[in-house]
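This report goes through one protein model, part by part. Keep the sequence and the 3D view at hand while reading.

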Amino acid sequence: MLTLLIVDDEPRQVKALSVIIAKKRPDYRIIEKTDAEEAWSVIEKESIDAVLTDIRMPGTDGLALLERIHQYRPEMMTVLISGYAQFDYAKQAIQHGVVEYVVKPIGMADIDRIINALEERARKERKRKETLALYQEHLWQSMIKGTLSDRQRTELGQLMPAECPGMALILDLGKEEKQARDFLASWKTVLDPVGQNVSFADSVTGRIATFVWLNRYYAAKPSETVSRISRLFESWKSDQSEGAVLGASTLRPNLTAELVESFGEAELALRHRFYLPEPAILWGSDIRPFADKPAAKPIEIAEQLMLAVKAGERYKAADLVNALFQLPPSPPFPDPNLIKDQIVPVLWHMRDEMKAMIAEEETAALIDSYKVRLDSGESFGELRYHFKQLVERIIELSAAYRQDKNSLLILKCQTYLQERYMEDISLESVAAMFHFNASYFSNLFKNKTGINFSEYLIDLRVKHAERMLAQSNEKIHQIARKTGFHNISYFNKMFKRKTGVSPNSFRKLNGQGGR
């Protein structure tokens, strides 16, 4: 649909042309004027696609109107209508960029030609703008990814003010089903009062990235800028996307020179939503960088947790979950990715320990389903909630498992080995302790755990040796003795069989060095 403005000092001519075009294109919006100055007033206020104007009119004539349009609104299409077939008029019309020059009287063929020419020009202009917009978006995407070439950096620089205060904003739409592109126009428009801005959908995250160069009024009043953006966002949020959250950088004196840094700060602010789920706007001035180390030691906690789970000690299990998700009393908090990463080895340990209770396929399905929930968790509280649910589910499965008397005895045996693995332990001594025949106990142990007694004990000892090699500078023969191996050659052989490398090589790869 096009919006046309028809200008002619003869009302009947205007009306006739308007009626004919309206019949041919019912979806067109047509505005009629009989004076060039009135027409210009409409052009200043309305969104006009094309102007069809007569040349000869009292006062300001059609050529003067075309010249003004060409100077101030060069994107607008124009058609010149004249009762005088003079070359000078045609030449001036061409200089002013007219789409068509038509001589009266106007026939149906002329009107068809005008309409077709306007629609073809409009189609090409739309295509040009779409192509340009896509290329400019590509430049912005490359900028935030840090992959701009020197030529592209120059091209992008031409789209921005040379030196102007501003800030970066990142809009996360939450679980909104619409695409970010569906919100671009409304989001950009709502920020127009604050200053020149550019917004685009981040192809990696699906969020809307925005850079705002403040106008003079807001550049001089930073605190009022914060209040204004807050009000604009809250209003937009209530109309467009209730789940939206905004990350905002600090105000930069020269935004163009600090685009990447400003974007990174807005991104960091938004990521703090993991710990601060309530605020709709997270300001860069209020946040601190994340810590690069998690607070808890996950594997040690995982081992104690599974022992508590198997023993049905719910309160102890809950305390261990809280320890796993323990945060420092004040910022900086660990990077959210570190929190999620430290959960992974815990899940794998839980999966391995559960094999003795339920079928491996069922174990894998349970752990995998919760891993998906944990990976997609958007807040610390949500992550802890899902993990507690998993532990509760495993406790239920463990309770059913413990109803089997022999299974309970094997569980007690495993707990005993966990606590006394460093001592001189044999199959016969443990079987006697639990009042079993050694041969029967051996078969029962393998049936319930999926692994024979000696392999289970070696695995347990090697696992503790790995930790000591990685975390201490004790000599290897001392570590061997402390983990229940009284023969260093046998220790080296078993360690390499289980890990694929010698104890010394393992320490060089994972530990603090030294023998």
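## Strand β6 and its partners

Strand β6 and strand β9 (residues 245-248) are paired in the antiparallel sense, with four bridges between them. The model is a predicted one. β6 also has a second partner, strand β8 (residues 208-214): six bridges join the two, and they run antiparallel. Ile170 shows both pairings at one position. Opposite Ile170 in β9 stands Gly247, while in β8 the residue opposite Ile170 is Ala209.

Is β6 (residues 166-172) enclosed or open? Seven of its seven residues are buried, so the strand is largely enclosed by the rest of the structure. In a regular strand, side chains point alternately to the two faces of the sheet. In β6 both faces are covered. Gly166, Ala168, Ile170 and Asp172 are buried on one side, and Met167, Leu169 and Leu171 are buried on the other.

## Ser199 in strand β7

Ser199 belongs to strand β7, which covers residues 195-201. Its relative accessible area is 15%. The cut-off for buried is under 20%, so Ser199 counts as buried.

Which residue does the side chain of Ser199 meet in a polar contact? The partner is the side chain of Thr210, at 2.8 Å. Leaving aside residues up to four places away in sequence, Ser199 touches Leu184, Trp187, Lys188, Ile208, Ala209 and Thr210. Ala209 has already appeared as the residue of β8 that stands opposite Ile170.

## Aromatic pairs

How many aromatic pairs does a search of the whole structure find? The count is 26. A pair of aromatic rings is described by two values, the distance of the centres and the angle of the planes. For Trp187 and Phe233 the centres are 6.2 Å apart and the planes stand at 90°, so this pair is edge-to-face. Trp187 is in helix α7 (residues 184-191) and Phe233 is in helix α9 (residues 222-240), so the pair ties together parts that lie 46 residues apart in sequence. Both Trp187 and Phe233 are buried. Trp187 is also one of the residues that Ser199 touches.

Elsewhere, ring pairs join several residues into a cluster. Its members are Phe274, Tyr275, Phe290, Phe325, Phe333, Phe380 and Phe387.

## The parallel sheet and helix α5

Five strands make up an open sheet with parallel pairing, in the order β2-β1-β3-β4-β5. At the edges are β2 (29-33) and β5 (100-103), each of which pairs on one side only. From one strand to the next, the twist averages 15°.

Strand β4 (residues 77-82) is joined to β5 by four bridges, in the parallel sense. One residue to look for is Ile81, whose bridge partner in β5 is Val102. Helix α5 (residues 108-145) lies across β1 (3-7), β3 (50-54), β4 and β5. The helix runs at about 170° to β5.

## Cysteines

A disulfide is a covalent bond that links the sulfur atoms of two cysteines. How many disulfides does the structure hold? The number is zero.

Two cysteines can be described by their accessible area. Cys164 is buried, with a relative accessible area of 13%. Cys413 is buried as well, with a value of 0%. Both values are under 20%, the cut-off for buried, so both residues are classed as buried.

Note on methods
Residues are numbered from 1 along each chain as its sequence is written. This is a predicted model: local features need pLDDT of at least 70, side-chain atom pairs count only at pLDDT 80 or more; totals for chains, interfaces and linings use all residues. Side-chain values use heavy atoms; hydrogens and water are left out. A disulfide is a pair of cysteine sulfur atoms within 2.5 Å. Buried means under 20% relative accessible area, exposed over 50%, partly exposed in between (1.4 Å probe, protein chains only). A polar contact is a pair of N or O atoms within 3.5 Å; within protein, one must be able to donate a hydrogen and the other to accept it, and residues adjacent in sequence count only if both atoms are side-chain atoms. Contact means heavy atoms within 4.5 Å. Two strands pair if DSSP finds at least two bridges between them. Axes are lines fitted to C-alpha atoms, for helices over the stretch in contact, and angles run from 0 to 180 degrees between N-to-C directions. Rings of Phe, Tyr and Trp (its six-membered ring) pair if their centres lie within 6.5 Å; planes under 30 degrees apart count as stacked, over 60 as edge-to-face and the rest as tilted.
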